[in-house]
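Here are a few exercises to work through with the model open in your viewer. Try each task before you read the solution under it.

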Amino acid sequence: MRGLLVRAGFTGEKGYEFYLLDGHDGGEVLWNAIVAAGATPIGLDAIQMLRIEAGLIIGDEDYVPGETDPYDLSLDRFIDLDGHEFIGRARCLESAAAPPRRFVTLTLDGASEDQAPVPPSGAVVAAAGEAVGTVTSAVVTPRFGALALAVVDAGSSKDGTPVQVDGRSATVRPLPLDDPEKERPRA
């Protein structure tokens, strides 16, 4: 069985992916051998937890390609407004002057027995009874409890701002919530 082992991972965590170069039935044999050797396989649920802790965005989940303003996702540092002309530059200049919305992490207080552990994608984020944003992704993590990524009005995006989501108290936190210097992937 021939393959390619790659140290990779979407979330930046230390992980490995193995690509079989010989197709056929070798995948199950390889999987069983790796587990028998003591490795703990993880699935997409674990990746989703790490992704939300790290504040990583996914198209069609956290934004709509071609529609979402990059400033809504707090991607300012990746937009070179001075270097050259590009399609959409005028609109980016407008948004850069005073971004109307920002991408944030929300830490959610405990759910009651009649609530889901996390709010659904699209749930309204409110402050002082007024809608100020929308949840894009949410998950319960072992380290931080219930978390959500959300796009909220700039006035409600400051770290520590109290908000409500689906009748639950929540607090705006920085993005990313965990490992902002990305030291773990470099370990």
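## Exercise 1: the barrel

In this predicted model, six strands form a closed barrel in the order E3-E6-E5-E4-E7-E8, paired antiparallel. From one strand to the next, the twist averages 40°.

**Task.** Place the barrel within the order of elements along the chain, then look at how E5 and E6 pair.

**Solution.**
- Step 1: count the elements. You should get three helices and eight strands.
- Step 2: read them off from the N terminus. The order is β-β-α-α-α-β-β-β-β-β-β.
- Step 3: zoom in on E5 and E6. They pair in the antiparallel sense over eight bridges.
- Step 4: pick out one facing pair. Val135 stands opposite Ala150 in E6.

## Exercise 2: the nonpolar cores

**Task.** Find the largest nonpolar core and work out which elements give two or more residues to it.

**Solution.**
- Step 1: start from the residues with the most contacts inside the core. These are Leu106, Val125, Val135, Val163 and Val165, in a core of 18 residues.
- Step 2: map the core onto the strands. Two or more residues come from each of E3 (101-108), E4 (124-127), E5, E6, E7 (162-165) and E8 (168-173). E6 gives the largest share, four residues.
- Step 3: follow Val125 outwards. Beyond its neighbours within four places in sequence, its contacts include Leu106, Val135, Ala150, Val152, Val163 and Val165.
- Step 4: look for what lies apart from that core. There's another one, of eight residues, with Phe103, Leu149, Val151 and Leu177 among them.
- Step 5: set this against the general trend. In soluble globular proteins, nonpolar side chains tend to be buried together.

## Exercise 3: a helix across two strands

**Task.** Say which residues of H2 are buried and what covers them.

**Solution.**
- Step 1: list the buried residues of H2 (residues 44-54). They are Gln48, Arg51, Ile52, Glu53 and Ala54.
- Step 2: think about helix geometry. An α-helix has 3.6 residues a turn, so residues three or four places apart point the same way. Gln48, Arg51 and Ile52 are worth viewing with that in mind.
- Step 3: find the cover. It includes strands E5 (130-141) and E6 (145-153).
- Step 4: check the crossing. H2 lies across E5 and E6, running at about 135° to E5.
- Step 5: step just past the end of H2. There, Gly55 takes a positive phi of about 70°.

## Exercise 4: two polar residues in a loop

**Task.** Are Asp69 and Ser74 buried or exposed, and what do they touch?

**Solution.**
- Step 1: locate them. Asp69 is in the loop between H2 and helix H3 (89-97), and Ser74 is also in the loop between H2 and H3.
- Step 2: apply the cut-off for buried, under 20% relative accessible area. Asp69 is buried because its value is 10%. Ser74 comes in at 18%, so it counts as buried too.
- Step 3: look for a polar partner. The side chain of Asp69 reaches the backbone nitrogen of Tyr71 at 2.7 Å.
- Step 4: go further along the sequence. Leaving out neighbours within four places, Asp69 is in contact with Arg91 and Ser95, while Ser74 is in contact with Arg102 and Phe103.

Key: Residues are numbered from 1 along each chain as its sequence is written. This is a predicted model: local features need pLDDT of at least 70, side-chain atom pairs count only at pLDDT 80 or more; totals for chains, interfaces and linings use all residues. Side-chain values use heavy atoms; hydrogens and water are left out. Buried means under 20% relative accessible area, exposed over 50%, partly exposed in between (1.4 Å probe, protein chains only). Contact means heavy atoms within 4.5 Å. A polar contact is a pair of N or O atoms within 3.5 Å; within protein, one must be able to donate a hydrogen and the other to accept it, and residues adjacent in sequence count only if both atoms are side-chain atoms. Two strands pair if DSSP finds at least two bridges between them. Axes are lines fitted to C-alpha atoms, for helices over the stretch in contact, and angles run from 0 to 180 degrees between N-to-C directions. A nonpolar core is a set of buried Ala, Val, Leu, Ile, Met, Phe, Trp, Tyr and Cys residues joined through side-chain atoms within 4.5 Å.
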